Amino acid sequence: MIMMIGGAPSFLLLCMLPITVLSAFEVPYPQTSAQIRSSIVASDASFATPPPPPPPQNKNDENQPITRQILLGSGTMAEVITCIPPKKTTSPDMLENIFSSLFGTDNTSSSSSKNNKPTLAFLHGSFHASWCWAEKYMPYFASLGYPCVAFSLQGTGGTPVMEMGAKKVKIASHVADLNAFLKGLSDDDTASLGLGLGDDPKILLIGHSFGGLTIMKWLEQTYGDNNDDNSNSPKDINLAGVGLMCSVPPSGNGAMTMRFIRRSLVDAWKITAGFVMKKAITDKAICRDLFFGGTEDDNGISDEDVERYQSYFQRDTVATIDLGDLAKKLPSALADVETGRAPFVDRLPPVFVVGATEDFIVDREGVDETARYMGLEEPLIVDSPHDVMLGRRWNNGADAILEFIGAL
């Protein structure tokens, strides 16, 4: 039985199909993770390891992403990508280190606290994995002194589902993994991932597409009134801010699907074919339309890039979100009927919501809904297709992040 998210009529096949997609997973993976993925994904012919991608364009080795597999506190063996700027020791720090070695004192906490720049924690969306942040954003922000981290959700090539052979993942599993990942960023936590970010790193959490919806559910469990068992506590994570970029809205994609159909049956069909039939993996034109701004302007993405991304799409759709389960737990269920605001919005740290001028997947109404849910009057719209972190215009979304950080 095919189900729709957000209440779209189940008897309309065209309606139903597009909905399935937005909650799938997102695309490619970083260059350095090819061997990891090939070793953990079943040796099925349909998931054959793609040829290695071209070498990274950024020649600054200090700011190159590193991919590894790390066991999260939730029990998931996750693909984690880090891009952490090298620590630059100043003269006072050197004296502090000498004093520490002579007298046996620990200056780790004081040293880490001197870096006031937040750690940027990225979460990908459907058909992608953490690789999408590693191509442009992570090296760029690391070059500016911001530690960057990202992990791949269950069902992607680098993070296998915990239940062997499962093809669906419940939203609760993604939320549990996200919570474990964020808690593990602290070196002081018992479930620390050992990334050397300090005992209490400030974290700016940024999600794209379906990753944004996952973050909404995590915020609901962490800051909402229904957190009776205190399993997710705001005190456990030093959250400096939250950013949602081209996010699936809190009501899912049901209402958006109906709008797509009313506006253009052709566009609705492209979304259906691209995601449900997975034509985005094999059809370059559909792939470009959905993620990269169409075929009239290549947006700085060559055909070779598209082929590489399509090979990543295939790897990162091993398992997809359980839509039937998600339909019962959409964030919008708790929103205020009149304002659309989340009931916990006053407890949140600063928030920003970004939409894109050429987003083929999430329309402006969906972006506005997300902004209202997060307590904002309006979103920031940048000149970009859906994949704001890739292509020639990637810096527009990056500038929006920097502007937000500057206001913290």
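Is Gln310 buried or exposed? In this predicted model, Gln310 is buried, because its relative accessible area is 6%, which is under the 20% that sets the limit for a buried residue. Gln310 belongs to helix H12, which covers residues 303–315. Leaving aside residues up to four places away in sequence, Gln310 touches Ala280, Ile281, Thr282, Asp283, Lys284 and Cys287.

**Strands**

Strand S2, residues 77–83, is largely enclosed by the rest of the structure, because six of its seven residues are buried. Strand S1, residues 66–71, pairs with S2 in the antiparallel sense over six bridges, and S1 and S2 form a hairpin with five residues between them. In the turn of this hairpin, Gly75 has a positive phi of about 100°. S2 also pairs with strand S4, residues 148–151, in the antiparallel sense, here over four bridges. Individual bridge partners can be named for both pairings: Leu71 is partnered by Met77 in S2, while Ile81 is partnered by Ala150 in S4.

A further strand, S3, spans residues 119–123 and includes Thr119. Thr119 counts as buried because its relative accessibility is 3%. Not counting residues up to four places away in sequence, Thr119 touches Pro147, Val149, Leu197, Pro201, Lys202, Ile203 and Leu204.

**Core and surface**

The largest nonpolar core has 103 residues, and Phe122 and Tyr137 are those with the most contacts inside it. The largest share of this core, seven residues, comes from helix H8, residues 210–223. In soluble globular proteins, nonpolar side chains tend to be buried together. Tyr137 touches Phe122 itself, and its other contacts, again without residues up to four places away in sequence, are Met245, Val388, Met389, Trp394, Gly397, Ala398 and Ile401.

On the surface, Trp269, Val276 and Met277 form a nonpolar patch, with about 270 Å² of accessible area together. Val276 lies in helix H10, residues 265–276, and counts as partly exposed because its relative accessible area is 32%, a value between the limits of 20% and 50%.

The table sets out the three residues whose accessibility is described above.

| Residue | Element | Relative accessible area | Class |
|---|---|---|---|
| Gln310 | H12 (residues 303–315) | 6% | buried |
| Thr119 | S3 (residues 119–123) | 3% | buried |
| Val276 | H10 (residues 265–276) | 32% | partly exposed |

Conventions:
Residues numbered from 1 in each chain as written. Predicted model: local features only at pLDDT ≥ 70, side-chain atom pairs only at ≥ 80, totals over all residues. Heavy atoms only, no water. Helix = DSSP H or I, 4+ residues; strand = E, 2+ residues; numbered from the N terminus. Buried < 20%, exposed > 50% of the residue type's maximum accessible area, 1.4 Å probe, protein only. Contact = heavy atoms within 4.5 Å. Pairing = 2+ DSSP bridges. Core = buried A, V, L, I, M, F, W, Y, C linked by side-chain atoms within 4.5 Å. Patch = residues over 30% accessible without salt bridge, like charges linked within 9 Å, V, L, I, M, F, W, Y side chains within 5 Å. Areas by Shrake-Rupley, 256 points an atom, 1.4 Å probe, with all protein chains shown as cover. Salt bridge = Lys/Arg side-chain N within 4 Å of Asp/Glu carboxyl O.
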